[in-house]
Amino acid sequence: MKLAFLFALCIWVVACSQPQPIPTPLIPTQTNVPSTTATPTVSDTPTRSPFPTRTPIPLADLYLKNPKLITDPELAAAYSHNLLILRGYEQGFSYDNALYTPVKFPDGSQGIFVAIGYSGGTRGYKLLYRIEKTEFRLIDLSLDDYDWGMNWGDNRVPAQKVDLKFPELIYGKDGKPERLIELYGSGHFGVGFFKVGHEIVRATDKGLKTIFSDKQLYVVYDYPGDYDEYSYRFDDLDADGIKEIIKDGNECNWIENPDYSRQKINCKSIHEIYKYNGDIYVKQP
């Protein structure tokens, strides 16, 4: 038995003295994903783009605060989109439309307004930046339930892009109209339920101020459904130098005929006047 033990010990010593193989390190492979760029039209008026993809902006650049990142319409849309991802609002889905315009604050400083719309589920953001010498900062960010810059119609026509408008409603002491921003967007709040949002906002030193807000409703899958048709015009009815908002239209029900065509019934005419009270537009009795 002693001999057997000594033989086994010798074999163990020889085995341990042999050089052990070195494991081959696992080198991770990296796949280069080509970057994509958004293609809005560079303009002082709203940026429009056919379902743009986002422009990647390095994380470090999000903190540079170089005004060039927001004074260029394409970069401003891309920067805003990436900022929403960084702050946890978005998860990287592409946006439907991005709207852009320079603004001026009451103190004379310059700024940039950006509105971005997303669908599925519907949401949109309004962002206001202030340019301060060699940098800029975000002073307002709001989340809305509208796909800003998109009009879905009644879901039987292709989606259409909608630009910003700049209504001349309120005039300053210099006789020049204040730069107001008018925007539209589509919302979806249930199966067959759609609405179109309409807002007029201004840039203030504290952020964005909504001075008028309205919506139109479409119920397109339940019959009889509801269908609103509104138009808006601006006119100085009392000659005080500030224009009123006049809303005209119809509020109807509709039914579906046997041939699947639609017929509006029970229509009610709408005529409303909204007057500026020094802060917002208020519906008149």
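Contact here means heavy atoms within 4.5 Å, and that is the sense in which residues "touch" in the legends below. The model shown is predicted.

**Figure 1. L143 sits in strand β4 and touches R123, G124 and Y125.** That list of contacts leaves out residues up to four places away in sequence. Is L143 buried or exposed? With a relative accessible area of 51%, L143 counts as exposed, because the cut-off for that class is over 50%. Have a look at L127 as well: 16 residues separate it from L143 along the chain, and their C-alpha atoms are 9.2 Å apart.

**Figure 2. Four strands form an open sheet in the order β1-β2-β3-β4.** The pairing in this sheet is antiparallel. Strands β1 (97-104) and β4 (135-144) stand at the edges with a single partner strand each, so one side of each has no neighbour in the sheet. On average, and with direction ignored, neighbouring strands are turned by 15 degrees against each other.

**Figure 3. Eight bridges hold the pairing of β1 with β2 (residues 110-118).** The two strands run antiparallel. To find your way in this view, start at K104, whose bridge partner in β2 is Q110. Helix α3 (residues 73-86) packs on the sheet and touches β1, β2, β3 (123-132) and β4. Between the direction of α3 and that of β2 the angle is about 65 degrees.

**Figure 4. I131 belongs to strand β3.** Which residues does I131 touch, beyond those up to four places away in sequence? They are P67, I70, T71, Q110, G111, I112 and F136. K65 is a helpful landmark here: it is 66 residues from I131 in sequence, while the C-alpha to C-alpha distance is 9.3 Å.

**Figure 5. The largest nonpolar core brings together 22 residues.** Those with the most contacts inside this core are L169, I170, I200, F212, I245 and Y281. Five elements give two or more residues each to the core, namely β9 (193-204), β10 (207-219), β11 (225-235), β12 (244-256) and β13 (262-276). A second core, separate from this one, has 19 residues, including L69, I70, Y79 and L127.

**Figure 6. Y281 is shown with the residues it touches.** Among them are L169 and I170, together with I211 and F212. The contacts of Y281 also take in I242, K243, E244 and I245, as well as Y274, K275 and Y276. Residues up to four places away in sequence are not counted.

**Figure 7. The largest pocket holds about 230 Å³ of space.** Its lining is made up of V103, K104, P106, E178, R179, I181, R202, A203 and T204. Which elements give two or more residues to this lining? They are β1 and β9, and the largest share, three residues, comes from β9. K104 is a familiar face in this lining, since the view of the paired strands shows it as the bridge partner of Q110.

**Figure 8. The whole chain, with three helices and 14 strands, gives the setting for the close-ups.** Of its 285 residues, 40% are buried. Among contacts between residues at least 6 apart in sequence, 48% join residues at least 24 apart.

Note on methods: Residues are numbered from 1 along each chain as its sequence is written. This is a predicted model: local features need pLDDT of at least 70, side-chain atom pairs count only at pLDDT 80 or more; totals for chains, interfaces and linings use all residues. Side-chain values use heavy atoms; hydrogens and water are left out. Two strands pair if DSSP finds at least two bridges between them. Axes are lines fitted to C-alpha atoms, for helices over the stretch in contact, and angles run from 0 to 180 degrees between N-to-C directions. A nonpolar core is a set of buried Ala, Val, Leu, Ile, Met, Phe, Trp, Tyr and Cys residues joined through side-chain atoms within 4.5 Å. Buried means under 20% relative accessible area, exposed over 50%, partly exposed in between (1.4 Å probe, protein chains only). On a 1 Å grid over the protein atoms alone, a cavity is a set of points where a 1.4 Å probe fits but cannot get out, and a pocket is an open set with protein on both sides within 12 Å along at least five of seven lines; lining residues have an atom within 4 Å of a point. Grid points are joined across faces, edges and corners, and a volume is the space filled by probe spheres set on the points.
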